[in-house]
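Visitor: Hello! Could you take me through one part of this protein slowly, as I am new to reading structures?

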Amino acid sequence: MTSSVSKGCFVFKPSVKKRRKTPTVEDYFTHGSEDTENSKLRFRNCQTLWDQMKADTELLQDELNRKILDSLLAFIRKNVSTFQRGTDDWASRMRAHEIPTAALVLGVNVPDHDMTFQSLSDQLQQSVTPFVVSVQATECAGQSCVCVCVSASGTPGKKRTSVGKDMQQHPPIVVIFKDLEAFNPRVLQDFILICSRYVEQLPLMFVFGIATSPSTIQHMLPHSVSSLLGIELFQSLSCTQHLASIIDKVILTYQFPFKPSGKVLQVLVSIFLYHDFSVRNFIKGLQLALLEHFHSQPLSVLCCKKEEALVHATELSPRDVERLQQLPSFMRYVEEQGPQEQVELLTSDDHVKEVCQKLLKDLHKYHKNYYPILRCLHVLTASLPKYPLGKQIRELHICCLEKNVWENEEYASAMQLLRMMAKDELTSALQKCAEILKHGKTLLEMKKSRRTKKMSHFEILRDQALEFIDSLVRSHLAPPESQPLYEVCYYSSSAVLRRHLNATPRTSIQTALSNPYHYLKNENLRAEDGTVSNAAPDICIVYKLHLECGRLINLYDWLEAYATVVSAAEGKDPDSADFGKVDELKHARFIQAVSELEFLGFIKSTKQKTDHVSRLTWGGC
């Protein structure tokens, strides 16, 4: 009797699952929308303005950094050429073992530093040396910092376009310390001491990125080490000046159709001033406001350049016309018209489209006149003591957005102070105003028509000029809410923006744990009356059960309650013997959920009772 055993290998190909498509910004616009064409058009407008904002701000930041970067490059080139010529000056420096060091003071707006260092590194690699390395304190713990120069001399960087002949033969090694304050002082001292011994053979150079003060170098390095560095100080533009340039370029211009309201701008500026002084984060906040405006306002299809907006106005769908008629500003406009016109505006779509074109032209004209007058008023009031209307133009702009600026007591006080200003100071301020207003053909004609007296006496000229400025302010600095269709361009949901930008981790975590449907949008997780579905994630179930306990929680009772809820989620019969039974899998899931709650800071172990944990938080969301 024989038997045989056959062995075989069988391959089963797994079923091909379609990869889930990653949602795009366009999907964010069109998801759940009944009017797909409107959503796609809004997305295109948003994308166009987003790209324009990104390009304008990047170009402006490059221009603002150009001066200091050019100075840094000149400093490095000078030291390289001195080293290669072998002059007495360099020889004396070498005898002292000095390493050329640029102390670059960038300010406390740390999130903006990466862009500056990236630009510096790129320009150095293009025009000076391929051996450029940027290091951070987190990368240089212990002795690893000593290996920086070895890694920097390893592989050449980008292709150089304008490197001198001497620099190609003996290119310098530039080490950029991005965050000097965060480095371990002892490691930094050892590294400098080692490098000083080889500086005669290697053209080493340092760039110190400083966020606080140049005195940081003296605090971190003793004199015996700092004396080995030939330090030259470079000061970047302050972050507040940087912000003022961004606001002037992107917000205070009629050429950019999207406008943040006064409250939205105040939220962004407040986050800038009281959180991180980061211009980069300010721009991100502005981009978020742009995205939210185009997503939440269907009529933002008209928020584009004047010519495009007029074309889109003729192509409005009946649903868009209905939305237009429901705008509060348009309803106010209708109430101001005669009976016959009101009937036309409420019944004729074609007439509404014609009026919409007219109102869009008026809105564009309003913005075209608003910003020159705003700048003119700021030039006059910024020279006054105590800045009655604000030192920065953004403060005056916010004031004008909120209400009629001429109704403020500060405005009346400013006009009174201007009448008492010295002749030379007032003349200089008015000349600046004339430069600002010279591009308005219409505004200068208004000024000429008001010249009813001879221009020989200073007092007469002063009064006429100030009266003219006052008339311009009252004519053109009315709040945008006074303009029909202002909702098309202005985003005013400051609460939404604040919720996105001002993170409240505890509230978000508690919301996620007590109501997982809020974030996951899974219908199986929807629950009423503050309860949590038994199909919720384990941590949500454990969190909800812990809310029903006192200061000390018995782990075994907690586990049994958890097992009961999970058994119900599995569809087991409540009358069966297995219902609520704790098996190894449930036990492991419970332990993991409790560990996650402890990591999040909701509970902690206690020495009072070994089988209990202590609850740390009280109250709901």
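Visitor: Before we zoom in, among contacts in the protein between residues at least 6 apart in sequence, what percentage join residues at least 24 apart? After that, please give me a close look at how helix α17 and helix α22 pack.

Guide: Happy to! Please keep in mind that this is a predicted model. Of the contacts between residues at least 6 apart in sequence, 74% join residues at least 24 apart. The protein has 621 residues, and 44% of them are buried. Its secondary structure consists of 28 helices and 10 strands.

Now to your pair. Two packed helices are described by two things, the angle between their axes and the distance between those axes. Here α17 covers residues 349-381 and α22 covers residues 458-476. They pack at an angle of about 140°, and their axes lie 9 Å apart. Because angles must be over 145 degrees to count as roughly antiparallel, α17 is called oblique to α22. The crossing of α17 past α22 is left-handed.

Which residues do the touching? From α17 come Tyr366, Asn369, Tyr370, Ile373, Cys376, Leu377 and Leu380. On the α22 side they meet Ile469, Leu472, Val473 and His476. Sorted by class, this contact has 9 nonpolar residues, 2 polar ones and no charged ones. As you look at the numbering, one general point may help: an α-helix has 3.6 residues a turn, so residues three or four places apart point the same way. You can try that idea on Ile469, Leu472, Val473 and His476 in α22.

Let us stay with α22 a little longer. It has 19 residues and spans 27 Å from its first C-alpha to its last, close to the 27 Å expected at 1.5 Å a residue. Its buried residues include Ile469, Leu472, Val473 and His476, which are the residues of α22 that α17 meets. Also buried in α22 are Arg462, Gln464, Ala465, Leu466, Phe468, Asp470 and Ser471.

Finally, here are two spots elsewhere that bring us back to your opening question. Met220 sits in helix α8, residues 215-220, and with 10% relative accessibility it counts as buried. Its C-alpha is 9.1 Å from that of Leu180, although 40 residues separate the two in sequence. Leu180 is one of the residues that Met220 touches, and others include Phe183, Pro185 and Leu188. Arg498, in helix α23, is partly exposed, with a relative accessible area of 41%. Arg498 and Gly285 are 213 residues apart along the chain, and their C-alpha atoms are separated by 9.4 Å.

Conventions
Residues are numbered from 1 along each chain as its sequence is written. This is a predicted model: local features need pLDDT of at least 70, side-chain atom pairs count only at pLDDT 80 or more; totals for chains, interfaces and linings use all residues. Side-chain values use heavy atoms; hydrogens and water are left out. Axes are lines fitted to C-alpha atoms, for helices over the stretch in contact, and angles run from 0 to 180 degrees between N-to-C directions. Helices (H or I, at least four residues) and strands (E, at least two) are DSSP runs, numbered from the N terminus. Angles under 35 degrees count as roughly parallel, over 145 as roughly antiparallel, 65 to 115 as roughly perpendicular and the rest as oblique. A crossing is left-handed if the near helix is turned anticlockwise from the far one by less than a right angle, and right-handed if clockwise. Contact means heavy atoms within 4.5 Å. Ala, Val, Leu, Ile, Met, Phe, Trp, Tyr, Cys and Pro count as nonpolar, Asp, Glu, Lys and Arg as charged, and the others, Gly among them, as polar. The expected span of a helix is 1.5 Å times one less than its number of residues. Buried means under 20% relative accessible area, exposed over 50%, partly exposed in between (1.4 Å probe, protein chains only).
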